[in-house]
Structure formats: structure tokens, C-alpha cells
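The following note is offered to a colleague reviewing the contact between two chains. The points are numbered for ease of reply.

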Amino acid sequence: MVQKTMSARNQILAKMESCEDVKHPGAFLGASEDFDFRASLEVVGARVLTVEELEIEFPGRRRYDKTMDGLSLAEVEVLEIDGEFGVAENGAIWLTEEALPHRVAPFICQHLVINVSKILPHMHAAYAALNKPNGSFGLFLAGPSKTADIEQSLVIGAHGARSLTVVIRT
Amino acid sequence: MSSHAEASEKFIADAARTDWHDETLWFVRAKRDKASKVLPEWEALREHASQIKDHTLANLGEYLQAFEAKAQANGIQVHWASDAAEHNAIVHGIIASQESKVLVKSKSMLTEECHLNDYLAKKGIEVVDTDLGERIVQFRKEPPSHIVLPAIHLKKEDVGETFHQHLGTPKGNKDPQFLTEAARQHLRGHFLASEVAITGVNFAVAETGEFVVCTNEGNADMGAHLAKIHIACMGIEKIIPKREDLAIFLRLLARSATGQLITTYSSHFHQPREGQQMHIVLLDNGRTRQLADPKYKNSLKCIRCAACFNTCPVYRRSGGHSYHQPVAGPIGSILAPNIDKKANADLPFASTLCGSCSNVCPVKINIHEQLWFWRQDLMAAGLAPASKKIGMQFMAFVLAHPVIYRLGGSLLRRFASLLNNRLNPWYKQREMPVAPKESFQEWYKKR
């Protein structure tokens with residue numbers, strides 16, 4: 001097996017030796033900056049609540065807690081976590097493993113609440129902000145889990161969280 | 001296996017359903033237009049993405065090795081496979097030691113290309129597809145008909161009946177919300193129990209050794225984060241050089257695919273979870289052959305958004321199954337002949353060459369030109385359908401002999417109905433104009 005896969009590797013790489021000189025175009029410049037995070041959140045199906053509204057709506061929510069394991073998270077109704085930053089152009093929020101009780105946390109809970117305090121205009125700025133030593137896992141999360149696989153009808157709550165509430169804390 | 005034309009004939013026999021299919025996909029195309037026009041820099045993004053992919057393909061060997069080294073340093077095991085058989089054997093080798101005989105898989109066209117499910121079934125391992133659309137077609141023992149919307153050929157009544165049979169939902173219930181909830185409960189059980197998860201890969205970053213998987217449902221993550229073993233399967237063309245390049249591709253992908261701003265989840269797998277095994281299988285399966293051919297090389301730039309499907313007048317009115325390949329539509333029609341020229345010789349002809357595919361492609365693949373190149377290659381290789389070959393030879397003869405051409409012209413002007421025969425499919429379902437009384441030459445001579 002090992003022998004065979006080694007030879008596959010060499011075979012594949014051997015077919016790529018002739019390199020033409022085609023330059024990488026470099027960083028993308030000229031992205032528009034005029035985006036509204038709240039408007040994008042609405043487009044992706046997330047709700048924005050104030051801190052006070054959150055207290056009224058989800059008094060029994062669970063805060064991020066490292067003791068939860070992947071499977072016990074399946075029992076969590078409402079989970080509250082912290083996002084690193086939001087992206088105005090598409091309503092995505094960057095989450096890292098360090099801020100999660102478990103990688104599966106934002107998917108497996110029934111309802112998700114994310115706190116965000118920093119907002120960047122677009123994905124280029126987002127990746128520029130990430131350009132530091134990498135975490136082990138991270139994701140952009142934009143809205144609740146959704147599908148349109150049955151006749152293009154949008155259904156919220158496919159496999160992941162059924163709702164996303166974002167609290168913008170300044 | 002029937003050819004695209006034969007399969008399409010069956011598809012369009014149901015005119016109302018054909019119209020519905022056509023309109024549904026055009027609706028997705030229209031959403032793409034709206035999402036792209038919001039960004040003034042859209043065309044610049046496409047150009048940038050195209051250049052990054054050109055650069056990557058020119059240096060693919062180096063980037064693959066850089067990716068491998070980084071991924072290994074991150075604790076990910078990297079495997080290489082020359083073809084589908086090797087790919088499937090590697091996957092089986094990884095999971096054979098596991099007790100569990102059921103595994104979950106999120107959407108991966110590459111595993112469709114390799115027929116992994118069938119292969120594993122023969123080894124006694126059941127693959128549960130977890131994307132809703134894929135689960136629907138899996139229950140029905142059908143292949144996906146669209147790479148982004150696998151069950152787009154089905155109506156909600158069909159899904160209701162399928163779920164009634166397989167999940168015990170009430171007969172006649174066709175409410176998408178209700179059916180999706182039934183699938184959620186059914187698949188949650190599998191996610192929680194599964195020891196092995198297979199996912200596809202949207203992008204793999206050479207600079208960091210991480211890979212990115214995009215879904216709207218969250219099924220890839222539900223599987224991968226709960227399983228002890230995560231196997232990610234990717235074609236070697238999925239590499240991109242830098243992490244910051246992801247900004248461009250993620251901006252383009254969902255907007256082109258469904259008109260969304262971004263997919264709900266764009267997960268960056270950089271290291272295995274504590275105690276987890278993470279594997280990547282890199283597959284060639286003809287891609288290096290495509291890479292070596294300047295005419296077809298840039299088909300490898302594809303990011304699988306399916307914008308070319310949604311815009312294609314032939315795809316919209318013939319359905320994905322008519323293409324008899326895991327990747328249908330215009331892009332599938334230029335990828336498939338590379339894998340098997342003879343079996344897929346019909347596909348490059350399943351096009352009007354209108355060029356709409358190339359116009360919507362987020363990485364600027366010249367799809368319609370490559371369709372035309374394939375037609376020439378297939379004709380030269382003697383693989384074109386016999387009727388086309390004979391017809392072309394006949395026309396070449398007539399056009400090379402002016403006397404016969406003029407004689408034939410004057411005959412056919414009088415007896416146009418001669419053209420309406422079984423050998424001439426051009427007359428099918430078309431209203432033809434009335435032939436003029438005289439030819440241009442005759443008219444010109446009189447002046």
C-alpha cells in the first residue's frame with residue numbers, strides 16, 4: 001500500500017515538471033468598502049438583538065464552557081459564544097476553535113447566539129486580520145443552517161443551528 | 001447507456017415538467033446576476049481569480065508538495081491516488097480497521113466520480129450521504145443531477161413519496177419544511193453514531209496546509225467534528241497558493257452558485273481535533289493529462305459553482321441525468337471526454353455554443369470554446385455519432401462542388417419537404433422558414 005501510494009505521488013508530480021512563468025496577481029486591491037453588516041445579517045437569515053433583548057429572549061442560554069463535550073452539546077438548546085469579528089459584505093462571523101467548547105458546538109446546538117464587537121468591511125480585510133499564526137480550526141459562519149434542496153424552497157434549520165442571533169457589543 | 005440526445009428526448013417528453021425545470025434553474029441564474037451586480041469589482045474579482053488559477057496550474061507540482069509538507073506538519077495524513085481504483089482502496093484501507101460499518105459523507109463530486117459508495121457497499125460498508133439533496137437521490141438510487149442542487153430534477157411530491165417510503169413520513173406530505181425536519185432527525189442519529197466522516201474539499205491552501213469545506217446545511221461539519229476519522233477527498237486541482245486568495249474565491253463561489261453572499265459555513269480545517277485522525281486523499285484520475293493539454297488545461301480552474309449549468313439552455317431543458325456523468329452541464333461536457341473519450345463523445349455536442357457558460361464562469365474558463373475543440377478532436381478520432389459524420393462528409397462534398405451545390409439548391413427550393421426526413425434531426429420540433437423561389441445568384445443575375 002505504502003509503496004503503491006508513493007509511486008502515485010511520484011507519477012503525479014513527474015507530470016508537472018514543465019513550469020511556465022505565470023505570475024500570481026498579488027493581493028486584490030480595489031474592493032468596495034460600502035457594506036452594512038446588519039443588512040447582510042438580515043440577508044443571511046440572522047437576527048440582531050441588543051444585550052437587553054437577549055436577556056429577555058434567552059434567559060436560560062448556556063455560555064461557552066470547556067467542560068461540554070461534543071455529544072452533550074446535542075442537548076444544548078441555546079448556546080452563546082464569542083465571534084472574533086464580523087464581515088460587513090456578507091454577514092459572516094469568524095469563529096475559532098479557541099472560542100468554542102468543541103468544534104461541533106455552533107452546529108449541534110439548536111439555537112446559536114454570537115457576540116461580535118469588531119466588524120471588517122469585506123473578505124480581503126478578514127483574511128488580512130487572520131494573517132497571524134493559524135489556529136487549528138476556524139470558520140466563517142453566516143446565518144442559521146439552511147437548505148433549498150426541495151424544490152428550491154428555503155428551509156431554515158437543516159442540520160446545524162435553527163437560528164442565529166447576533167449581539168453587536170461596542 | 002443512452003446518449004445525451006436520447007436521454008433528453010425522454011426528459012422533454014413531459015413538457016410541463018421541462019418548463020418547470022427550465023424556470024427553476026433560470027431563477028437561480030437570476031439570483032446569481034443580482035448578487036454579482038451588487039459588487040462593482042465583480043469583473044475584477046473574476047479576472048483575479050482566473051489569474052490565480054492560471055498561476056497555480058503552471059506551478060501545480062510545487063504547490064502540491066508545499067501543501068503536502070504543511071499538512072503533514074499540521075498532523076494531517078496525506079495520500080496520493082493515480083486513479084479512482086487507487087483512491088477507493090486508500091479510503092477503504094483507512095476505515096477497514098474500524099468496527100463501525102456505516103459512515104457519513106458530505107457532498108463530494110469526486111467520490112461520485114470514483115463511484116466510492118458502490119465500492120464500499122461491496123466491502124460491506126454503508127455510506128450515508130448527508131446533504132439533503134444527496135440523501136434524497138441516494139434513497140431513490142439515482143445519481144445527483146446537479147453538483148450544487150443534487151435533487152433539482154425532483155418536485156416536492158417526489159421527495160414526499162421517497163421520504164414516506166424510507167423515513168416513514170405521512171403519505172402525501174410534501175411540505176419542504178416538514179420533510180427537511182424529518183431528514184434532520186434521521187441524519188442527526190447518523191452524525192452522532194458515525195466513527196468515520198468523509199467530506200469533499202472546496203479549496204486547499206498550499207501556504208498553510210489547511211483545506212476549506214463550504215456547506216449551507218452544516219452537514220460536513222456535523223460529520224467531521226463528531227467522527228474519530230475524517231477523510232477529505234480532493235482533486236489535485238483544488239490547490240490555491242495563499243490563504244488570502246480564499247477571500248477572492250469565497251466571494252465568488254456562493255454568489256455564482258446560488259446568489260448567496262457566502263455559504264452559511266466556510267470551515268477551515270487546519271489540524272485534526274485532539275484524538276482525531278485526519279486524512280487527505282489527493283486524486284489525479286486524468287487531471288494531469290488534462291493539465292498537459294494546452295487546449296483543455298484551464299478546465300481545471302473550475303471551482304464547481306455550477307453557474308454554467310444554471311445558465312445553459314441545453315442543461316435547463318435536458319436535465320442533469322441526460323449527461324450520464326457526475327458532473328453534468330457545460331463544464332462536465334468538457335471534463336468527461338478527458339476521462340473517457342468514447343463513452344462521453346456525445347457530451348460536447350450537447351450545447352448550442354452560445355457562450356453563456358463562459359460569460360458567467362467565475363474563473364473565466366473558455367467553456368464554449370473547449371466544447372468546440374472537443375467536437376473537432378472527437379470527429380478526428382472517429383468518435384462522433386455516425387449520423388453527424390456522414391452528414392458532415394456529405395456537406396463537405398457538396399460545398400466543394402459548385403455545380404452539385406447549385407443543382408441541389410434549386411431542387412430543395414422546390415421540394416423543401418425532402419429535408420424533413422428521419423436523417424435530419426434539425427427538423428425535429430422546429431418550424432422551418434419557407435424556401436425562397438430563387439437563389440441569391442439567380443436574383444443577382446437578373447439585376
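1. Gly138(A) has His268(B) of strand β9(B) as its bridge partner. The model in which this pairing appears is predicted. The two strands concerned are β8 of chain A (residues 137–141) and β9 of chain B (residues 265–269), which run antiparallel and are joined by five bridges.

2. The contact between the chains involves 73 residues from chain A and 96 residues from chain B. About 6,800 Å² is buried between chain B and chain A, and carbon and sulfur atoms give 60% of that area. On the side of chain B, Trp80(B), Arg184(B) and Arg243(B) supply 10% of the area buried against chain A, more than any other three residues.

3. Turning to charged and polar pairs, five salt bridges are counted between chain B and chain A. Lys15(A) takes part in a salt bridge with Asp284(B), in which the closest N and O atoms lie 3.8 Å apart. Polar contacts across the interface of chain B and chain A comprise 37 residue pairs, with both residues at pLDDT 80 or more.

4. Which helix provides the largest share of the side of chain B that touches chain A? Helix α10 of chain B (residues 176–193) does, with twelve residues. By residue class, the side of chain B that touches chain A divides into 44 nonpolar, 28 polar and 24 charged residues.

Technical notes
Residues numbered from 1 in each chain as written. Chains lettered and ligands numbered in written order. Predicted model: local features only at pLDDT ≥ 70, side-chain atom pairs only at ≥ 80, totals over all residues. Heavy atoms only, no water. Contact = heavy atoms within 4.5 Å. Buried area = accessible area lost by both parts, 1.4 Å probe. Salt bridge = Lys/Arg side-chain N within 4 Å of Asp/Glu carboxyl O. Polar contact = N/O pair within 3.5 Å; in protein donor to acceptor, adjacent residues only side chain to side chain. Helix = DSSP H or I, 4+ residues; strand = E, 2+ residues; numbered from the N terminus. Nonpolar A, V, L, I, M, F, W, Y, C, P; charged D, E, K, R; others polar. Pairing = 2+ DSSP bridges.
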